[in-house]
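Welcome! Let us take a friendly walk through this structure, one part at a time.

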Amino acid sequence: MHGVLSSEVTVNVPACEAWDLYGTLKLSDVVIPEFFSAIDVLKGGGEVGTVLKLFFNPGALFHAFEETIVTIDEEKMIKETDASKGGYLDMGFNLYRIRYDVIPKSKYSCITRVTLEYDLKEGWISNAQYVSLVPFIGFLRVGSNYLIANTKHTASG
């Protein structure tokens, strides 16, 4: 079973400022307090091939899983990560990919989009119920608030 979910937020900051957050490891630092107990960089420094171990707060679906950055396109402002160990892969997922896009709207405005693509093995279809954009919409909200608070050039200022 294959599926795709997506959500986006308009942010009143230049696209290059948003990309500086979403295209790097900075997003991890911004979202840790609200969504994770810790994020460890196991390999790399934010480039393709970087491996992160995400530790979730108590009450989450699982304690931790690893993800690998598989795509960074500076020109198109796209970053993709795939679950690479544990977590969703232990629940019958062949693929659990998170894609962040930053899309310029105007000089001081852009769209930040998150897309979740997944594929489940036959016999594990019932685990599709655990696929949710809710935390990623939270990442966009936290990221948007961070960008507005920390960017000099915004649509309102």
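Cys-16 is exposed, with a relative accessible area of 53%. Keep in mind as you look that this is a predicted model. How far is the sulfur of Cys-16 from the closest cysteine sulfur? The distance is 8.8 Å, and the partner is Cys-110. A disulfide needs two cysteine sulfur atoms within 2.5 Å, so the sulfur of Cys-16 is too far from that of Cys-110 for a bond. In keeping with this, a search of the whole structure finds 0 disulfides. Cys-110 itself is buried, at 0% relative accessibility.

From here we can turn to strand S7, which spans residues 109-120. Is S7 enclosed or open? Of its 12 residues, 9 are buried, so S7 is largely enclosed by the rest of the structure. Two strands pair with S7, as the table shows.

| Strand pairing with S7 | Sense | Bridges |
|---|---|---|
| S1 (residues 2-11) | antiparallel | 10 bridges |
| S6 (residues 93-106) | antiparallel | 12 bridges |

To find these pairings in the view, it helps to have a landmark for each. On the S1 side, Ser-6 has Thr-115 of S7 as its bridge partner. On the S6 side, Val-102 stands opposite Thr-112 in S7. S6 and S7 also form a hairpin, with 2 residues between them.

Moving on past S7, we come to Trp-124, in the loop between S7 and helix H3 (134-150). Trp-124 counts as partly exposed, at 37% relative accessibility. Its C-alpha atom is separated by 7.8 Å from that of Phe-93, although the two residues are 31 residues apart along the chain. Setting aside neighbours within four places in sequence, Trp-124 is in contact with Asp-90, Met-91 and Gly-92.

Our last stop is Lys-79, in strand S5 (residues 78-86). Which side chain of opposite charge is nearest to Lys-79, and how far away is it? The nearest is Glu-67, at 6.6 Å. A salt bridge requires the charged atoms to be within 4 Å, and Lys-79 has no salt bridge, yet this residue is buried. The side chain of Lys-79 does reach the backbone oxygen of Thr-24, at 2.9 Å. Thr-24 is also one of the residues in contact with Lys-79 when neighbours within four places in sequence are left aside. Others in that list include Trp-19, Tyr-22 and Gly-23, as well as Ile-69, Thr-71 and Ile-72. Ile-98, Arg-99 and Tyr-100 are in contact with Lys-79 too.

How values were computed: Residues numbered from 1 in each chain as written. Predicted model: local features only at pLDDT ≥ 70, side-chain atom pairs only at ≥ 80, totals over all residues. Heavy atoms only, no water. Helix = DSSP H or I, 4+ residues; strand = E, 2+ residues; numbered from the N terminus. Buried < 20%, exposed > 50% of the residue type's maximum accessible area, 1.4 Å probe, protein only. Lys, Arg positive; Asp, Glu negative; His and termini not counted. Polar contact = N/O pair within 3.5 Å; in protein donor to acceptor, adjacent residues only side chain to side chain. Contact = heavy atoms within 4.5 Å. Pairing = 2+ DSSP bridges.
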